[in-house]
Amino acid sequence: SIPLTFFAGIGGASKAGILVKGSNYLEILSRAKILVFDKTGTLTQGVFEVNGIHHNDMENAKLVEYAALAESASSHPISKSLQRAYGKDIDRSRVTDIHEISGNGVTAKVDGVTVAAGNDKLMNSLGIPFIPCHSVGTIIHMGINGKYAGHIVISDIEKPHSKEAIRELKAAGVEKTVMLTGDSKKVADHVAVDLGINEVYSELLPADKVEKVEKLLSTKSEKAKLAFVGDGINDAPVLRRADIGIAMGAMGSDAAIEAADVVLMDDDPLKISKAIKISRKCLRIVY
Ligand code: ADP
Ligand code: MG
């Protein structure tokens, strides 16, 4: 039978905005030693600002319009930012043949023109030669009718509590912090150094994230538990694969909330160490 204290633990956590889906997760949480994070929407706000537009001969406004329309079916934070930058209602009847390539970008036809919006990998896969960009930020390259049309630089900012959250986890005895992201090495390294994350892997596809987690699982001791924290845009499989999956509940996707074992209702990364502390307190009372 489940000791009553476990219910108290789950109740206490829920009052703090931490939804724990079962008493067994409190025990796993109490032993979390490796904390693996997704970047966008988890440690960063996932709210991008358009900072710079560099193009060949198309007007800035037209480039953003093509990007926003091509991205109109995507729920990715990059897509939402481009819609905001466009600022007008999207007429979906102008857009056809939409394909979203997870971890790469999108392709679509806008007013019959073929548009590709995404990263280096997308341009390479379409055979569109692009001009490398050295800005710090996420680069959205634009291909129009198979030719390079320029790029849009957008950047995301860290959540206000991310740095403190990493510090608190280390203070609570977490041995290793890892960040996995599909974003560029430049952006990823910058965030990881700033936050004090121990290991960082960038330019990963969703399947690569699962592989990294499996590698980390296979090299740790049985007693140390691995937690993955994500917002679920592309990372539901990793949330399931970890010893314990923690999802951002407010901005995160429904798929994440479903795949996760613990949900942070307000997306605050500081709640991770709080959850670990609640779980340990509860286990001390039981044993
Ligand atoms: P993260 O791991 O940081 O959550 P994703 O796996 O969602 O990132 O995306 C990785 C990268 O793929 C992005 O940084 C971007 O370059 C590109 N990308 C993904 N989705 C889109 C999209 N809808 N539009 C443009 N680029 C995208
Ligand atoms: Mg993500």
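Me: DSSP calls two strands paired if it finds at least two bridges between them. What makes S11 and S12 a pair?

Reply: First, the model is predicted: local features need pLDDT of at least 70, side-chain atom pairs count only at pLDDT 80 or more, and totals for chains, interfaces and linings use all residues. Residues are numbered from 1 along each chain as its sequence is written, while chains are lettered from A and ligands numbered from 1 in the order in which they are written. Four bridges join strand S11 (residues 225–230) to S12, and the cut-off is at least two, so they count as a pair. The two strands run parallel. Gly 245 in S12 is the bridge partner of Phe 228.

Me: How many helices and strands does the protein chain have, and what makes a stretch one or the other?

Reply: The chain has 11 helices and 13 strands. They are DSSP runs numbered from the N terminus: a helix is H or I over at least four residues, a strand is E over at least two.

Me: Why is the protein chain called as compact as a globular protein of its length?

Reply: Its radius of gyration, taken over C-alpha atoms, is set against the globule rule, 2.2 Å times the number of residues to the power 0.38. The rule gives 19 Å for 287 residues and the chain has 21 Å, which is close, so the description applies. Along the principal axes, the C-alpha atoms fill a box of roughly 70 × 35 × 30 Å.

Me: Why is strand S12 said to be largely enclosed by the rest of the structure?

Reply: A residue is buried if 20 or more other C-beta atoms, placed from the backbone, lie within 10 Å of its own; 12 or fewer makes it exposed, and in between it is partly exposed. Five of the five residues of S12 (residues 244–248) are buried, so the phrase holds. Ile 244, Ile 246 and Met 248 are buried on one side, and Gly 245 and Ala 247 on the other, which leaves both faces covered. In the protein chain, buried residues make up 45% of the 287.

Me: Where does S12 sit in its sheet, and what makes S1 and S10 edge strands?

Reply: The order of this open sheet of seven strands is S1-S13-S12-S11-S2-S9-S10, with mixed pairing. Strand S1 (18–20) and strand S10 (199–201) are edges: each pairs on one side only. Strand S2 (residues 32–38) pairs with S11 in the parallel sense over five bridges, and Ala 32 stands opposite Lys 225 there.

Me: What is the order of the sheet of six strands, and which way do its strands pair?

Reply: That open sheet has the order S3-S8-S7-S6-S5-S4, and the pairing is antiparallel. S5 (residues 105–110) and S6 (residues 113–118) share six bridges, with Gly 105 opposite Gly 118. S4 and S5 share five. In the hairpin of S4 and S5, Gly 103 takes a positive phi near 75 degrees.

Me: Why is ligand 1 placed between the two domains?

Reply: Domain 1 (4–44 + 158–286) and domain 2 (49–155) both give residues to the shell around ligand 1, so it lies between them. The domain bounds come from an automatic or database domain assignment. A residue is near the ligand if its C-beta atom, placed from the backbone, lies within 6 Å of it. Of the 23 residues around ligand 1, those that come nearest are Thr 40, His 76, Gly 105, Asn 119 and Gly 182.
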